[in-house]
Amino acid sequence: MDATQNTRQLDHKTLSHSFHLWFWGALTCFSQEHMQTFGYMSSMLPIIRKLYPKHDDQVKAIHAYTAFFNTNPMLGSVIIGTTASMEEARANGKDIDGETINDMRAGLMGPIAGIGDSLIDGTLIPILLGISLGMSTGGSPVGAIFYIITWVLIAYFGQRFLYFRGYKFGDQAVGFLVGKQGAAVRRAIGIVGSMVVGGVLATWVNVTTSFTLRGVNGKVFLNLQSKLDSIYPGLLTVVVTLFCWWLMSKKRVSAIWTMVLLVVISFIGVLLGVFNPGLSY
């Protein structure tokens, strides 16, 4: 009998099922104790059932996926695909055990999380939001619709691509993300993202002051905004932006508390006459 007839191989249907379980349930039963452990485990169930017909073998194999796991859900799909490839090799007698799989996961989930958070949350999403804001001028719903559809398509097909690349190329696919080529790509995307965010800042953020000084005759002899514009147009916008960056980046203040602080500063500024909201009653 040909030895290849006994080879256990994953088919496209099983891999697709595994991917969809990860895509829809990566954060299933999410908690501080387990994070994405159960989402990871559920995505591996079709793989285990396909490779190990016997129940006892399934129980033994799935035990490797009970360890803590947490990474960026979008780029993390490459780890799931790589694991499927490793599990297939283990089922066919290769020198791979549960500890080897756990070591791979533990070693990759940190770097992939850092790359994914900066690439997706820090670059891709701001770019899409910047484009969407431009399309929402005048209260148009087109921007919101564009963002929802575009993000869903990128998230789905991006994760699917990484999953199957991880399965096909194994650790080579991960090596691209964390290697020199991946670093060059991330740097290029980061530069583009910074340009887009800067364009959004210049277009949509406008901080001005209404502070003036009047003489005894009631005539304005100092208009602070005009003086600032003659020195550096948009200076207050830059100052407020850098202040928010300093709070969130250096002082680790959350975005919510930063917005609350800006509301308080704005409220006090209006009361003191520093800002003019342009409201009429």
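Start by selecting Trp 151 in this predicted model. Is its side chain buried, exposed or something in between? Trp 151 is partly exposed, with a relative accessible area of 24%; that falls in the middle class because buried means under 20% and exposed means over 50%. Now show the ribbon around Trp 151, and you will find this residue in helix α6, which covers residues 142-169.

Keep Trp 151 on screen and look for its partners. Which residues does Trp 151 touch, once neighbours within four places in sequence are set aside? They are Met 74, Ile 120, Leu 124, Ile 125 and Leu 128. Next, add Leu 129 and draw a distance between the two C-alpha atoms: Trp 151 and Leu 129 are 22 residues apart along the chain, and their C-alpha atoms are separated by 9.9 Å.

**Next stop: the salt bridges**

Side chains of opposite charge can pair when their charged atoms come close. How many salt bridges does a search of the whole structure find? The search finds two, and you can visit each in turn.

Select Lys 50 and Asp 11 for one of them. The closest N and O atoms of this salt bridge are 3.2 Å apart. Lys 50 sits in helix α2 (residues 37-51), while Asp 11 belongs to the segment before α1 (12-25), so the pair ties together parts that are 39 residues apart in sequence. Switch on the surface and check each partner: Lys 50 is partly exposed at 40% relative accessible area, and Asp 11 is partly exposed too, at 29%.

Now select Glu 87 and Arg 90. Here the closest N and O atoms of the salt bridge are 2.9 Å apart. Both residues lie in helix α4 (residues 77-91), with their positions three residues apart in the count, or about one turn of the helix. Are these two partners buried or exposed? Glu 87 is buried, with a relative accessible area of 0%. Arg 90 has 18% relative accessibility and also counts as buried, because the cut-off for buried is under 20%.

**On to the surface patches**

Colour the surface by charge and select Asp 95, Asp 97, Glu 99 and Asp 103. These residues gather in a patch of negative charge on the surface. Click on Glu 99 for a closer look: this residue is found in helix α5, residues 98-135. Glu 99 is exposed, with a relative accessible area of 54%.

For a patch of another kind, select Ile 256, Trp 257, Met 259, Val 260, Val 264, Phe 267, Ile 268, Leu 271 and Leu 272. Together they make a nonpolar surface patch of about 1,000 Å². Pick out Leu 272, which lies in helix α11 (residues 255-272). Leu 272 is exposed, with a relative accessible area of 64%.

**Zoom out**

Finish by showing the whole chain as a ribbon. What elements can you count? There are 11 helices and two strands. Trace them from the N terminus, and the order runs α-α-α-α-α-α-α-α-β-β-α-α-α.

Of the 281 residues of the chain, 34% count as buried. Turn on the full surface once more: the chain exposes about 17,200 Å², and carbon and sulfur atoms supply 66% of that area. Finally, think about contacts between residues at least 6 apart in sequence: 66% of them join residues at least 24 apart.

Technical notes. Residues numbered from 1 in each chain as written. Predicted model: local features only at pLDDT ≥ 70, side-chain atom pairs only at ≥ 80, totals over all residues. Heavy atoms only, no water. Helix = DSSP H or I, 4+ residues; strand = E, 2+ residues; numbered from the N terminus. Buried < 20%, exposed > 50% of the residue type's maximum accessible area, 1.4 Å probe, protein only. Contact = heavy atoms within 4.5 Å. Patch = residues over 30% accessible without salt bridge, like charges linked within 9 Å, V, L, I, M, F, W, Y side chains within 5 Å. Areas by Shrake-Rupley, 256 points an atom, 1.4 Å probe, with all protein chains shown as cover. Salt bridge = Lys/Arg side-chain N within 4 Å of Asp/Glu carboxyl O. Lys, Arg positive; Asp, Glu negative; His and termini not counted. Charge placed at Lys NZ, Arg CZ, Asp CG, Glu CD.
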